[in-house]
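Here are my notes on the model you sent, set out as numbered points. Please read them with the structure open beside you.

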Amino acid sequence: MGVQNSPEAGLDEKAVIAAAERALSDIAIIRQKVGKVIFGQESVVEQTMLAVLSGGHALLVGVPGLAKTKLVATLGTVLGLASSRIQFTPDLMPSDILGSEVMDQDENGKRSFRFVPGPIFTQLLMADEINRASPRTQSALLQAMQEYHVTVAGQTNDLPKPFHVLATQNPLEQEGTYPLPEAQLDRFLLQVDVDYPELAAERQILLETTGVHEAHASAAISAERLIEIQTLIRQMPVSEKVLDAILSLVRSARPGNGVAGTDKHVAWGPGPRAGQALMLCARARALYEGRLAPSVDDVLALAEPVLQHRMALTFGARAEGMSVRDVIAGLVRQAGG
């Protein structure tokens, strides 16, 4: 079976395997420490972790009170990242996020400008209810997410490494909000749907969070170690079979590629970034689950979080009551059949 290697050609295979086995141990500890604080929600924790391990950003969509904020804070602690939170509001300005210049005056009366960094200068940023801010403020954040630097008054300031944004969005309230444009949604590696917890998990939540003592997270790795794991993921080999599955899935979600259901129900489909996201996240999922190489099952399992915010349905499909998830589920069945 052919293998597609990463751009870092000529890597020592034994060294990569040894590094991967060490990463497996670290990820197991991360999962254990997160599980002490976040009960249930295994798929949400997994997908959010995959976005971070892949070096990308995630959009968490769910109603209030489902521990989205707690999850981000917990990940920041466990992964050894400096974290901050921005509560988005309609009157939030770009300078409130990026920072601004202030005028200083020294003892001799000489005046000069000094840049005061905003809360975006962190390693893990929670953008709470991102759709409540104006498009101008959203674009300031999303540009920084893409370029990893901030330009104020002509001066470029690099963001810390690693830098990840975990944004949240409430799907219920649409009045007075500014939905993210499709091009900006594409900058999120994954869209993670946060549903209500299962009965057993919710029971545990009630017992564990209403007493005197509440579990707190502790660091499992450092930011430097996270960067090493992110680099390792990009070095993991991907078989020709997995690569073909990614290409087939992404292209089948685009109209005009010979898939009758897509041609009928999809107005526009995912671009190449979807394939890039699947390549990275499939590798990360393999490592997250204790394997040294991704499989086709990893690709199919990630189809929904990777594709759902990169597609739109036709008016007819929406009138029939279909959702993007229905279309993706059909493509996954077809690919796995």
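1. A word on naming comes before the rest: helices and strands here are DSSP runs, numbered from the N terminus, with at least four residues for a helix and at least two for a strand. In that scheme P162 sits in the loop between β8 (155-158) and β9 (164-169), and the peptide bond leading into P162 from K161 is cis, with omega near -10°. Such a bond deserves a look, because most peptide bonds are trans.

2. This is a predicted model, and confidence should be considered before any detail. The mean pLDDT of the chain is 86, and 96% of its residues reach 70 or more. Among the elements, helix α12 (residues 296-301) has the highest mean pLDDT, 94, whereas strand β1 (residues 3-4) has the lowest, 46. Over residues 1-10 the pLDDT is below 50, although this stretch has 20 contacts in the model beyond near neighbours in sequence. Where pLDDT is low, the predicted coordinates should not be read in detail.

3. Two residues call for attention on account of their backbone angles. E129, in the loop between β6 (124-128) and α5 (135-147), has a phi near 55°, a positive value in a residue other than glycine. Y148, which lies in the loop between α5 and β7 (149-152), likewise is not a glycine and has a positive phi, of about 60°. For comparison, most residues other than glycine have a negative phi.

4. For residues 264-328, UniProt lists "domain: ChlI/MoxR AAA lid", in an unreviewed entry. Over residues 264-328 the chain is 62% helix and 8% strand, and the C-alpha atoms at the two ends are 13 Å apart.

5. How do helices α8 and α11 cross? The axes of α8 (residues 223-235) and α11 (residues 272-288) come within 9 Å and cross at roughly 110°, and angles of 65 to 115 degrees count as roughly perpendicular, so α8 and α11 are roughly perpendicular to each other. The crossing of α8 and α11 is right-handed. From α8 the contact takes I229, L232, I233 and R234, and from α11 it takes L280, R283, A284 and L287. By class, the residues of this contact are six nonpolar, no polar and two charged.

6. Helix α11 also packs with α9 (residues 240-252), where the two axes come within 10 Å and cross at roughly 145°. The crossing of α9 and α11 is right-handed. Here L243, I246, L249 and V250 of α9 meet A274, G275, L278 and M279 of α11, and the residues of this contact divide into seven nonpolar, one polar and no charged.

Technical notes
Residues numbered from 1 in each chain as written. Predicted model: local features only at pLDDT ≥ 70, side-chain atom pairs only at ≥ 80, totals over all residues. Heavy atoms only, no water. UniProt positions renumbered as here; feature names shortened; annotations may be inferred. Axes fitted to C-alpha atoms, helices over the stretch in contact; angles between N-to-C directions. Parallel < 35°, antiparallel > 145°, perpendicular 65-115°, else oblique. Left-handed = near helix turned anticlockwise from the far one by under 90°. Contact = heavy atoms within 4.5 Å. Nonpolar A, V, L, I, M, F, W, Y, C, P; charged D, E, K, R; others polar. pLDDT = per-residue confidence, 0-100.
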